[in-house]
Amino acid sequence: MKNHKINPTRLYLTWIVVCITLMLLVPLQSANSGSSGSAPFVIVSGVIFIFIIGTFTISILNIFLFKVWVKKYWFINGTITLLSGSAIGYLLYRVISINS
């Protein structure tokens, strides 16, 4: 049995930890700032959008990089792909409809 250091589960978990860390660092960094109260909200919103895009990208890359894993756990990768793709589509629809 091969012992891979990188596998799809580790990719997802690493991405989740990185995004949660970024979301927690924003309020800590902006705690000492004075006047601009909406900046942390905007930055955290951006991190959430980046999290969704990154999750979608990882799920698409898993199809090509880890074919055996995807064949075995297609429902996990498919669910993540559909949910994150739907979220991206919805957010893009909202951005386009607001600017029209």
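I began with Tyr 73, which is partly exposed, with a relative accessible area of 30%. I then looked up its ring partners. The ring centres of Tyr 73 and Phe 75 lie 6.4 Å apart with the planes at 70°, so I noted this pair as edge-to-face. Phe 75 is also partly exposed, because its relative accessible area is 43%.

I should record that the model is predicted. The mean pLDDT of the protein is 86, and 88% of the residues reach 70 or more. Among the elements, H4 has the highest mean pLDDT, 92, and H1 the lowest, 87.

Back to the rings. I searched the whole structure and found three aromatic pairs. One of them joins Trp 69 and Tyr 73; it is tilted, at 5.5 Å centre to centre and 45° between the planes. Trp 69 has a relative accessibility of 18%, so I entered it as buried, the cut-off being under 20%. Ring pairs link Trp 69, Tyr 73, Trp 74 and Phe 75 into a cluster.

Next I looked up the largest nonpolar core. Trp 69 belongs to it, together with Tyr 12, Ile 58, Phe 66 and Val 70, five residues in all. For Phe 66 I set aside neighbours within four places in sequence; the contacts are then Ile 6, Asn 7, Pro 8 and Leu 11.

Tyr 12 led me to helix H1, where the buried residues are Pro 8, Tyr 12, Cys 19, Val 26 and Ser 30. I found that these buried residues pack against helices H2 (39–65), H3 (67–72) and H4 (74–99).

Last, I checked the length of H1. Its 23 residues, 8–30, should span 33 Å at 1.5 Å a residue, and the end C-alpha atoms are 34 Å apart, which agrees.

Methods:
Residues are numbered from 1 along each chain as its sequence is written. This is a predicted model: local features need pLDDT of at least 70, side-chain atom pairs count only at pLDDT 80 or more; totals for chains, interfaces and linings use all residues. Side-chain values use heavy atoms; hydrogens and water are left out. Helices (H or I, at least four residues) and strands (E, at least two) are DSSP runs, numbered from the N terminus. The expected span of a helix is 1.5 Å times one less than its number of residues. Buried means under 20% relative accessible area, exposed over 50%, partly exposed in between (1.4 Å probe, protein chains only). Contact means heavy atoms within 4.5 Å. pLDDT is the predictor's confidence in each residue, from 0 to 100. A nonpolar core is a set of buried Ala, Val, Leu, Ile, Met, Phe, Trp, Tyr and Cys residues joined through side-chain atoms within 4.5 Å. Rings of Phe, Tyr and Trp (its six-membered ring) pair if their centres lie within 6.5 Å; planes under 30 degrees apart count as stacked, over 60 as edge-to-face and the rest as tilted.
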